[in-house]
Amino acid sequence: MNGVHDMGGMQGFGPVRPEVNEPLFHAPWERQALAMTVAMGACGQWNIDISRSARESLPPAQYLGSSYYAIWVTGLEKLMLQRGMVNATELQTGRADTPPLAGVRKLDGPQTASALARGSASTRDIDVPPRFAIGQRVRARQIHPTSHTRLPRYVRGHTGTIERIHGAHVFPDTRVSRPLPPFVDEAHWLYTVVFDGRDLWGSAASPGLLVSVDAWEPYLEAVEATP
Amino acid sequence: MSQDHHDHPHHHHNEDDHSHLSEMDVRVRSLQSLLVEKGYLDPAALDVIIETYEHQVGPHNGARVVARAWSEPEFHDWLMRDATAAIASMGYTGRQGEHMVAVANTPQTHHMVVCTLCSCYPWPVLGLPPVWYKSAPYRSKAVIDPRGVLADFGVHVGDAVTLRVWDSTAEVRYLVVPMRPAGTDGWTQAQLAALVTRDSMIGTGLALPPAAAAGAAA
């Protein structure tokens, strides 16, 4: 989706303002929001791409006007509402008035440390070889999906060079297509594609700028070698 | 939602006024008790998550990785070849660091890492990202004007140096290995780690000069 979350190359947001001795959390609720978002991520009713999609499809003004942890809380509430895990009244009162949804996994305290240390690999074995080779010129497709995608707008239509091949990883664009388990688990080869800054931004680009994205094979098309 | 924070630069980091803070506090408390009552959430799991990211995991992990890479050429090679395995060998694994790549700065190339689409960040080596990393100014500017971003951090990199920006658009997470400061020959890895800042491992800073470690390194 061409949303406001896709910020690369936008202008007018002002300078980056690093905070000296920044605390890890700026309010107690941020601490709980982080922990709840991580814990509920294990509930099995969505995956990381579905949760990213829930956040980035918030109304643009709301997304831009919210702190990042507020976006997470809103995204979490939205996912649970959509699945009937909670209802709007319950969210307002903080009290349950309906039974819990069946089949929701709960992350138990004792298993939490090992779950965090294990993480969740996105690599998969697939039986097709990579279509592109390191050093090959490729073009990022000129696509504008209305659903979730991880191909940023600022590279679409531009030509770059394959720099790394990371193996086959689960493809976000189809992983969101079924909102409930079992999720679509289609994997494609993932590449680092590097672009010359002048190709992305024109002759006024910062001198010596190279920018890469990690792009799944369906995002890319071959470019005829120029003589 | 507060939408007027851009008009109040003195509040710029928190982006929230006090009424909003307390509104969020109430909302999150209420959400938490609802999820516990419904049986979806174990409060003990929250405690482990908070303890992990507030006290155990943080940029001190990444600093040890960098200091070791500066000190042991074989480890440096391993880190460049297979960062996931090299970093895991030091006990740093897991969520948001399942697939790691390390990139080393040189006099010719300065690396910088961003996630323009959200907030992807290598948690096992750097912990949770700072607010600026997730902010619109950084996410928008890093790919089009990285020298301007460096200037925002008070860092200057010469025009002859290639600026290499990595946009973390997939599940690969990037760690920058900054250049080792001159004048640190013979330093222990613990002394060196004290020079490795979080920002130097994102690429918005440089490792500290040796003088900065006076009194800091054990």
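Two strands count as paired when DSSP finds at least two bridges between them. Keep that in mind, as strand pairing is where this tour is heading. The model on your screen is predicted.

**Stop 1: chain A as a whole**

Select chain A and colour it by secondary structure. You should find eight helices and six strands. Walking from the N terminus, the elements follow the order α-α-α-α-α-α-β-β-β-α-β-α-β-β. The C-alpha trace of chain A spans about 70 × 45 × 35 Å along its principal axes. Of its 227 residues, 40% count as buried.

Now colour chain A by domain. The domain assignment places domain 1 at 28-118 and domain 2 at 123-222. Their centres, taken over C-alpha atoms, are 28 Å apart. Where the two domains meet, domain 1 of chain A contributes seven residues and domain 2 of chain A eight. On the domain 1 side of that contact you will see one nonpolar, four polar and two charged residues.

**Stop 2: chain B as a whole**

Switch to chain B, which has eleven helices and four strands. Here 52% of the 218 residues count as buried. The domain assignment gives domain 1 at 17-53 and domain 2 at 60-208, with 32 Å between the two centres over C-alpha atoms. If you draw a contact map of chain B, 67% of the contacts with a separation of 6 or more come from residues 24 or more positions apart.

**Stop 3: where the chains meet**

Show both chains and select the residues in contact across them: 80 from chain A and 78 from chain B. Several elements of chain A each supply at least two residues to this side, including helix H1 (28-40), helix H6 (109-118) and strand E5 (209-216). Which element gives the largest share of the chain A side? Pick H1(A), which supplies eleven residues. Colour the chain A side by residue class and you get 43 nonpolar, 23 polar and 14 charged residues.

**Stop 4: helix H2 of chain B**

Select residues 43-56 of chain B, which form helix H2. At 1.5 Å a residue, its 14 residues should span 20 Å, and the end C-alpha atoms are 19 Å apart, which agrees.

Next, show side chains for Ala45(B), Leu46(B), Val48(B), Ile49(B), Thr52(B) and Tyr53(B), which are buried. Look down the helix axis: they cover an arc of only 165°, which puts them on the same side of H2(B). An α-helix has 3.6 residues a turn, so residues three or four places apart point the same way. What do the buried residues of H2(B) pack against? Bring up H1 and H6 of chain A, and you have their packing partners.

**Stop 5: strand E5 of chain A**

Select residues 209-216 of chain A, strand E5. Eight of its eight residues are buried, so E5(A) is largely enclosed by the rest of the structure. In a regular strand the side chains alternate between the two faces of the sheet. To see the two sets here, colour Leu209(A), Val211(A), Val213(A) and Ala215(A), which point one way, and then Leu210(A), Ser212(A), Asp214(A) and Trp216(A), which point the other way.

Add strand E4 of chain A, residues 187-196, which runs antiparallel to E5(A) and is joined to it by seven bridges. To find one of the paired positions, click Leu190(A), whose bridge partner in E5(A) is Trp216(A).

Then add strand E3 of chain B, residues 162-167. How many bridges pair E5(A) with E3(B)? There are five, and the pairing is parallel. Val211(A) has Val165(B) as its bridge partner in E3(B), and Leu210(A) stands opposite Arg164(B).

**Stop 6: Ser168 of chain B**

For the last selection, step past E3(B) into the loop between E3 and strand E4 (172-177) of chain B, where Ser168(B) sits. Is Ser168(B) buried or exposed? Ser168(B) counts as buried because it has 24 C-beta neighbours inside 10 Å, and the cut-off for buried is 20 or more.

Leaving aside residues up to four places away in sequence, Ser168(B) touches Val113(B), Cys115(B), Cys120(B), Arg173(B) and Tyr174(B), together with Asp214(A) from the other chain. You have already met Asp214(A) as a buried residue of E5(A). For a distance check, draw a line from Ser168(B) to Pro146(B): they are 22 residues apart in sequence and 15 Å apart in space, C-alpha to C-alpha.

Terms used. Residues are numbered from 1 along each chain as its sequence is written. Chains are lettered from A and ligands numbered from 1 in the order in which they are written. Domain bounds come from an automatic or database domain assignment. Ala, Val, Leu, Ile, Met, Phe, Trp, Tyr, Cys and Pro count as nonpolar, Asp, Glu, Lys and Arg as charged, and the others, Gly among them, as polar. The expected span of a helix is 1.5 Å times one less than its number of residues. A residue is buried if 20 or more other C-beta atoms lie within 10 Å of its own, exposed if 12 or fewer, and partly exposed in between; C-beta atoms are placed from the backbone. The arc is that of the directions from the helix axis to the C-beta atoms.
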